[in-house]
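Student: Could we go through this protein together? I would like to start with the charged side chains.

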Amino acid sequence: MTHYSKMLLFLSLWFSPFFLFGDNYKTSDWLNTSVGDPVDTDTVRTLHHERLFNFGIEANLGGGYLRFPDSHLRTQGKFNIAFGVLGRINISPRSAVQINALYDVNNYNIEGGTLNRQSITLPATVQLFSVSQADQGFRPGVFAGAYYRRNFFLRDSNRPLPIEDFYFENERGLTFGVFFESSGIRMGYSTFRALTDANKVGVSGRAVSNHFMIGYVF
């Protein structure tokens, strides 16, 4: 290939986007910036929700109790904790779909003792945001969805083993809450309310967990 042919090939590759996109095409900022010139990072910053996918970490601290739907009574609260990872698909700046995988320690006071459960909890939620034009990095929001919980460790201080004869290993329910995000930091309040019974025998009892949550979205 001659030197003249190489020049024509280079110019055709360089200017072809102008013919395809017209005035909407812009060259990279670094081509228009001299070496040593300051760069305005705000103009090139990508906000977290502008990406298609986000991943993150999350921790939940709060309390839990058993409610009895037939009698409208509940047990006293007990400390709960959950932590894990999240994955999110951003549909638009105002909506997203998120799935969490949490290692969940949910304890409940029961008559004469304590029910201890360690679980893997998988919430799937739809999230709606309010976006401020002044500061798109700050977004308050709400979410709601369903969850599945698998109890792989059960212990009742009142009952001997095998505990599986008295309590279910699987649980399904609803979760919802409020939160805000700012510069990747995520804080809020959430609740998990079981739709299935925790116990196989006795009065029907369903688990409830209320958490303050904090996390970070990458």
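Tutor: Let us begin with R186 and E181, whose side chains meet in a salt bridge, at 2.6 Å from N to O. Please keep in mind that the model is predicted.

Student: Is R186 buried or exposed?

Tutor: R186 is buried, because its relative accessible area is 1%, and buried means under 20%.

Student: And what is the relative accessible area of E181?

Tutor: For E181 the value is 5%, so E181 is buried by that cut-off.

Student: Which residues do salt bridges with shared partners join into one network here?

Tutor: The network consists of E58, R88, R139, E181 and R186.

Student: How far apart are the closest N and O atoms of R139 and E181?

Tutor: They are 3.6 Å apart, and the pair forms a salt bridge. R139 lies in strand 6 and E181 in strand 7, which covers residues 170-182, so this pair ties together parts that are 42 residues apart in sequence. Both R139 and E181 are buried.

Student: How many salt bridges does the count come to?

Tutor: The count comes to nine salt bridges. Another of them links D104 with R149, and the closest N and O atoms there are 2.7 Å apart.

Student: Which strands hold D104 and R149?

Tutor: D104 is in strand 4, residues 95-110, while R149 is in strand 6, residues 138-156. The salt bridge therefore ties together parts of the chain that lie 45 residues apart in sequence.

Student: Let me stay with R149. Buried or exposed?

Tutor: R149 is buried, since its relative accessible area is 1%. D104 is buried as well.

Student: What polar contacts does the side chain of R149 make?

Tutor: One is with the side chain of D104, at 2.7 Å. A polar contact of 2.7 Å also joins the side chains of R149 and E171.

Student: Changing topic: how many helices and strands are there in the protein?

Tutor: The protein has two helices and nine strands. Along the sequence, the pattern reads α-α-β-β-β-β-β-β-β-β-β, so by the numbering from the N terminus the two helices precede the strands.

Student: What share of the residues is buried?

Tutor: Of the 218 residues in the protein, 35% are buried.

Student: And how much surface does the protein expose?

Tutor: About 13200 Å² is exposed, and carbon and sulfur atoms supply 64% of that area.

Student: What about contacts between residues that are at least 24 apart in sequence?

Tutor: If one takes the contacts between residues at least 6 apart in sequence, 61% of them join residues at least 24 apart.

Student: One more topic, please. How many cavities of 30 Å³ or more are there?

Tutor: The count comes to one cavity of 30 Å³ or more. The largest cavity has a volume of about 110 Å³.

Student: Which lining residues are the closest to its centre?

Tutor: The largest cavity is lined by 14 residues, and those closest to its centre are E58, N100, F143, F192 and M213. E58 also belongs to the salt-bridge network that we discussed earlier.

Student: Which elements give two or more residues to the lining?

Tutor: They are strand 1 (53-68), strand 4, strand 5 (113-129) and strand 8 (185-194). Strand 4 is also where D104 lies.

Terms used
Residues numbered from 1 in each chain as written. Predicted model: local features only at pLDDT ≥ 70, side-chain atom pairs only at ≥ 80, totals over all residues. Heavy atoms only, no water. Salt bridge = Lys/Arg side-chain N within 4 Å of Asp/Glu carboxyl O. Helix = DSSP H or I, 4+ residues; strand = E, 2+ residues; numbered from the N terminus. Buried < 20%, exposed > 50% of the residue type's maximum accessible area, 1.4 Å probe, protein only. Contact = heavy atoms within 4.5 Å. Areas by Shrake-Rupley, 256 points an atom, 1.4 Å probe, with all protein chains shown as cover. Polar contact = N/O pair within 3.5 Å; in protein donor to acceptor, adjacent residues only side chain to side chain. 1 Å grid on protein atoms, 1.4 Å probe; cavity = no way out; pocket = protein on both sides within 12 Å on 5 of 7 lines; lining within 4 Å. Points joined across faces, edges and corners; volume = space filled by probe spheres on them.
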